[in-house]
Amino acid sequence: MQCLGRATRSLALPARGRGPVLRRVVAVARAKPEKSTDQALQGGLDPYLEVAVPKDQRPVNQLAELKADPLYSWGALEQGDYVKRLAGVWSFFFAFIGGPIAYQTFEPVDQPLEWFLSGTTGALVVVAVVVIRIYLGWSYVGDRLLSAAVPYEETGWYDGEMFVKPPEVLMRDRLLGTYEVKPVLSKLRSTLVGSAGVLLATAVLLFGLIKAGSDADGMYGRGAARVPRQILTDGVLYSSRVTDLSQLATDDDAAAAEAEAQGGVPGDYGAGCVLTAAPPVME
């Protein structure tokens, strides 16, 4: 408490036969309570209502930290900016991770759709992980804002306590949780559902394309037709219809099947190169 006072001097009228009398008059102002020493009141309330909880563990301060964080603040962005950030994440991981990995299996020139779907699937997984991380942060703070009592630790060394919010703090926190946190959580949930739907659609379509274009060995993509089925002492065979190298010289169908299995590229057998084509007819 502070007492404010001021002293004044007044000159009283002199009595008969006496000189002027100097009197001291002291005016005492009404005592005023000290103001909060914090830089600003939290949500219009005196922060001393939450003095038991460390500042970094108060839900209202945790909400402010979310809004200022480089990643978690995405949840509070406008819809257009939010979509741009997620599109940037997808583009980055598609260009530098998903696309190059898909290139190892699919040829972008000959199989552009398969290559794109494969790279998109990998990039979308990363986007979903980012959104889940943001969602968990906002969900945690939202639960603390809406709860009537919140746990906290005084020093962080297994000394947990439970703080029961005063009515003023509870009302403020629930307003923040209802009108600021819940819309963000709803937007993030919609993003997760949409990402899951796109992931499922791309996976099913990619599986169908691979299934329809697989070779006789069940292989698909770059080099699928070049996987040898048999490795012999004098060469290798790629077609399941050929069991011995001697068939290639006497059986036209076996030679054609072997050529198709190799993608039109001759195989290397023993010391020489044997073209898998039917032998010329001798007249």
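This is a short tour of a predicted model, with a suggestion at each stop of what to select in your viewer.

**Stop 1: the whole chain**

Start with the full protein chain in cartoon view. You should find six helices and eight strands. Going along the sequence, these elements come in the order β-β-α-α-α-β-β-α-β-β-α-α-β-β. Of the 283 residues in the protein chain, 31% count as buried. Switch on a surface if you like: the accessible area of the protein chain is about 18400 Å², and carbon and sulfur atoms account for 61% of that. For a feel of the contacts, take those in the protein chain with a separation of 6 or more: 53% of them join residues 24 or more positions apart.

**Stop 2: colour by confidence**

Now colour by pLDDT. The mean for the protein chain is 78, and 71% of its residues reach 70 or more. Select residues 1-13, where pLDDT stays under 50 and the model has 30 contacts beyond four places in sequence. Then select residues 24-41, another stretch with pLDDT below 50, which has 30 contacts in the model beyond near neighbours in sequence. Where pLDDT is low, the predicted coordinates should not be read in detail.

**Stop 3: the largest nonpolar core**

Show side chains for Leu 63, Ile 134, Trp 138 and Leu 188. The largest nonpolar core has 21 residues, and these four touch the most other members. Which elements give two or more residues to this core? They are helix 1 (59-68), helix 2, helix 3 (112-146) and helix 4 (167-213). Helix 3 gives the most, with eight residues.

Centre the view on Ile 134 next. Leaving aside residues up to four places away in sequence, Ile 134 touches Leu 71, Tyr 72, Trp 74, Gly 75 and Leu 188.

There is also a second, separate core of five residues; Leu 237, Val 242, Leu 248 and Ala 254 are among them.

**Stop 4: a loop residue**

Select Ser 240, which sits in the loop between strand 6 (235-237) and helix 5 (247-250). Is Ser 240 buried or partly exposed? Its relative accessible area is 44%, so Ser 240 is partly exposed. Draw a distance from Ser 240 to Glu 258: the two are 18 residues apart along the chain, and their C-alpha atoms are separated by 8.3 Å.

**Stop 5: the salt bridges**

The structure holds four salt bridges. Begin with Glu 50 and Arg 172, whose closest N and O atoms are 3.1 Å apart. Glu 50 lies in the loop between strand 2 (21-28) and helix 1, while Arg 172 is in helix 4, so this pair ties together parts that are 122 residues apart in sequence. Both ends are buried by the cut-off of under 20% relative accessible area: Glu 50 is at 2%, and Arg 172 is at 8%.

Keep Arg 172 on screen and add Asp 173. Their side chains meet in a salt bridge too, at 2.9 Å from N to O. Asp 173 is buried, as is Arg 172. Add Lys 165 to complete the picture: salt bridges with shared partners join Glu 50, Lys 165, Arg 172 and Asp 173 into one network.

For another pair, select Lys 67 and Glu 180. This salt bridge has its closest N and O atoms 2.3 Å apart. Lys 67 belongs to helix 1 and Glu 180 to helix 4, so the pair links distant parts of the chain, 113 residues apart. How do the two ends sit with respect to the surface? Lys 67 is partly exposed at 41% relative accessible area, and Glu 180 also counts as partly exposed, at 27%.

**Stop 6: a nonpolar patch on the surface**

Finish on the outside. Select Phe 92, Phe 96, Ile 97 and Ile 101, which form a nonpolar surface patch with about 440 Å² of accessible area together. Ile 97 lies in helix 2 (residues 79-103) and is partly exposed, with a relative accessible area of 40%.

From Ile 101, step across to Gly 122 in helix 3. These two residues are 21 apart in sequence and 8.9 Å apart in space, C-alpha to C-alpha. Gly 122 is partly exposed as well, at 34% relative accessible area.

Notes:
Residues are numbered from 1 along each chain as its sequence is written. This is a predicted model: local features need pLDDT of at least 70, side-chain atom pairs count only at pLDDT 80 or more; totals for chains, interfaces and linings use all residues. Side-chain values use heavy atoms; hydrogens and water are left out. Patches are made of residues with over 30% relative accessible area and no salt bridge: like charges are joined within 9 Å, nonpolar side chains (Val, Leu, Ile, Met, Phe, Trp, Tyr) within 5 Å. Accessible areas come from the Shrake-Rupley method with a 1.4 Å probe; for residues, only the protein chains shown count as cover. Helices (H or I, at least four residues) and strands (E, at least two) are DSSP runs, numbered from the N terminus. Buried means under 20% relative accessible area, exposed over 50%, partly exposed in between (1.4 Å probe, protein chains only). A nonpolar core is a set of buried Ala, Val, Leu, Ile, Met, Phe, Trp, Tyr and Cys residues joined through side-chain atoms within 4.5 Å. Contact means heavy atoms within 4.5 Å. pLDDT is the predictor's confidence in each residue, from 0 to 100.
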